[in-house]
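I opened the model today to look up its pockets, one sheet and one helix pair. My notes follow in the order I took them.

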Amino acid sequence: MFNKPIPKMLYGGDYNPEQWPEEIWQEDMRLFKLAGVDIATINVFSWALNQPDENTYEFGWLDKVMDMLHDNGVYACMGTGTAAHPAWMATKYPDVLTVDFEGRKRKYGRRHNSCANSPTFKTYSQQIAFRLAERYKNHPALLLWHVNNEYGWRCYCENCEKEFRKWLQRKYGSLDALNEAWYTRFWGHTFYDWNEIVLPNVLSEHLSSSNQDATAFQGISLDYARFNSDSILESYKLERDAIKSIIPNAVVTTNFQGNGTYKPLDYFKWAKELDVIALDSYPPDDAPASYSSMRHDLMRGLKNGAPFMLMESCPSQLNWKPQNPLKRPGVSRLWSYQAISRGADSIMYFQMRRCSGAFEKFHGAMIDHAGHENTRVFRECALVGRELGRLGDRIVGARTPAKAAIVFDWDNWWAIEYSSGLTDQLKYLQEVQKYYDAFHGRNIAVDFVSTESDLSGYDVLVAPVLYMVKEGYAEKLERFVSAGGTFLTTAFSGIVDESDKIPLGGYPGKLRKLLGIWVEEIDALLPLQRNLMRVSNPVGELTGSYECSVLCDVLHAEGAEVLAEFGREFYQGMPALTRNSFGSGEAWYVATSPEPRFLDKLVLHLCANKGITPLLDTPSNVEATFREKDGNRYLFVLNHNDDVKWVNIGPLPHRDLLSGGDISGEVKLEPKGVLLLQIGV
């Protein structure tokens, strides 16, 4: 992952010494040593400090910080500082400022306020990145580069409009092709000149300022979402390339926000341009354990199973929600090991020292406003630091092989939620989470894959709500199933192509042959309405009746075997679950959105049929997963409950890497407790 050997898993986080007098810096170094901190992300928001005017660069303070970190055994993750441009830039070059969804030009303020297509921003962001690389290329503290910060905004300015037209010309080649893809004969929208095309916002094609997904023309809105993600990615690449022009082997990344499921940016596409994936994780306080596990697994999947960095997390309370409770004792440590268990090779916080002013002054930190080590949060952080020190590099670089996978596709996500009609209750993330939960609840390892991923290593593939079927993907799925794979998809799949146009001939379009079904109609249930699925042909543990909601297909079998039927409405008795033999494999179709109990049993059956078994049988809300390295397997068992749980880890002795000694059989897990075991020692 890095260009120098790292003796242990990295531990630290965002550090802002520019906010403090230098005498506090030395106290911070003392506290860093007590907590086992060995990496600090610096210079993230210091562009204005480093460049006070157009022609002046001042790095003296940063020189001192870099030297101080090195003298105290702390690596530097060097930020480029470009997440907030200086005030002088906005004043002199207003093209750098963004225009919002309602067409309003923003003034200077906040952060993430720079247009990715601004010529000014492109010029100066490259220059500052180049200057930083040139100055610190040989500094011994430098470990990796952190470009910008939590990318993700949408701009609707004139520069973006011009660049959007160029992007469309490259994609379609001709206006005839664009008009065909966008179905512009609807509402008389045919374009005869590229300059007639305007950005889709509330001033043009969108229907509501309060619901940015409501659009009259899905084709243009979908392409704008793609263009926006690509534009911001190009902005990242400009800085990355400036760094690598000076340091060719530099390790460069940026931190992904939204807990990894950030809608505006296609992270699978971004992952190709990052040397290492870096995640910011701030899960809801009341989220189930599977919420973060899914997103960690997604980060691991972005680079085909490679470990990722947990770049930001919070050891205490947040500051930006309506209510921000303290993390209860043990929770920060538990969540840290949850990230490690799912592929993280670092634990890093925002922030190391709590701000004393402005927006984030109440955001939690390792070092509180009290400024010393005698706090609960610091003690918990120091415990994690000591444990990571004892673990050394055992787990660094370890992977989690899986034989089951879930398809995750940003294009599909955008298209589903831009789609008009049927229901606003269908949410892509919720449906993906439901299927993921079925694997997670059984402690079965699952990868996330894109539509471009190689499927040859998997036996089971699940694609919840595969609404958009891209060119060639149906054939790819047919090859996977023909070779013996098990494929499952759901209601509202096979509906549109990449332009959000519906191929004629009946649903599920290009998946019809593979699934052996024809969907005549799709019923959208009211928010509190439920239907029933009655299993007519038992499948493993799947017997009896189950509730379902959101959508129900009026479906006809065309060679597929009917395993369950709907229990209500005029389509009572029609198929709700089908299985189609195709080559050496099977293609399954769930014609609705079932309750979790149904999915738990179905996923267990699909996996069992392919010899995929649960890693461990655990009580509710106790998760188990593993990582492998150099022939060794490391088992993580995490108790997310507020009470003691007992887990049977089997008769073989396992080495307890956190507490020492060998254990086997029934093991006691304290509330929020963590077991990290080397299996079969």
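Entry 1, the largest pocket. I am working from a predicted model. I listed the lining of the largest pocket and got 39 residues. Those nearest the centre of this pocket are Arg-110, Arg-111, His-112, Glu-150 and Gln-257. I noted a volume of about 1400 Å³ for the largest pocket. I then sorted its lining by class, which gave 15 nonpolar, 12 polar and 12 charged residues.

Entry 2, the second largest pocket. I read off a volume of about 580 Å³ here. The second largest pocket is lined by 25 residues, and closest to its centre I found Asp-266, Lys-269, Lys-272, Glu-452 and Lys-470. Which class did I find how often in the lining of the second largest pocket? I counted 13 charged residues, with 6 polar and 6 nonpolar ones. I also checked which helices take part. Helix 6 (158–172), helix 8, helix 9 (267–271), helix 10 (289–302) and helix 13 each give at least two residues to this lining.

Entry 3, helix 8 and helix 13. Both helices supply residues to the lining of the second largest pocket, and I went on to their packing. Two packed helices are described by the angle between their axes and the distance between the axes. For helix 8 (residues 218–246) and helix 13 (residues 410–418), I have an angle of about 145 degrees and axes 10 Å apart. The crossing of helix 8 and helix 13 is right-handed. From helix 8, the residues in contact are Gln-218, Ser-221, Leu-222, Ala-225, Arg-226 and Ser-229. They meet Asp-411, Trp-414, Ala-415 and Tyr-418 of helix 13. By class, I have 5 nonpolar, 3 polar and 2 charged residues in this contact.

Entry 4, the sheet. I traced an open sheet of 5 strands with antiparallel pairing, in the order 21-22-27-24-25. Why do strand 21 and strand 25 each have one side without a neighbour in the sheet? Strand 21 (622–629) and strand 25 (662–663) stand at the edges and have a single partner strand each, so one side of each stays without a neighbour in the sheet. I counted 8 bridges between strand 21 and strand 22 (residues 632–639), an antiparallel pair. I looked up Glu-628 and found its bridge partner in strand 22 to be Arg-633.

Entry 5, a helix on the sheet. Helix 11 (residues 331–341) lies across strand 21, strand 22 and strand 27 (674–678). I noted that helix 11 runs at about 145 degrees to strand 22.

Terms used
Residues are numbered from 1 along each chain as its sequence is written. This is a predicted model: local features need pLDDT of at least 70, side-chain atom pairs count only at pLDDT 80 or more; totals for chains, interfaces and linings use all residues. Side-chain values use heavy atoms; hydrogens and water are left out. Axes are lines fitted to C-alpha atoms, for helices over the stretch in contact, and angles run from 0 to 180 degrees between N-to-C directions. A crossing is left-handed if the near helix is turned anticlockwise from the far one by less than a right angle, and right-handed if clockwise. Contact means heavy atoms within 4.5 Å. Ala, Val, Leu, Ile, Met, Phe, Trp, Tyr, Cys and Pro count as nonpolar, Asp, Glu, Lys and Arg as charged, and the others, Gly among them, as polar. Two strands pair if DSSP finds at least two bridges between them. On a 1 Å grid over the protein atoms alone, a cavity is a set of points where a 1.4 Å probe fits but cannot get out, and a pocket is an open set with protein on both sides within 12 Å along at least five of seven lines; lining residues have an atom within 4 Å of a point. Grid points are joined across faces, edges and corners, and a volume is the space filled by probe spheres set on the points.
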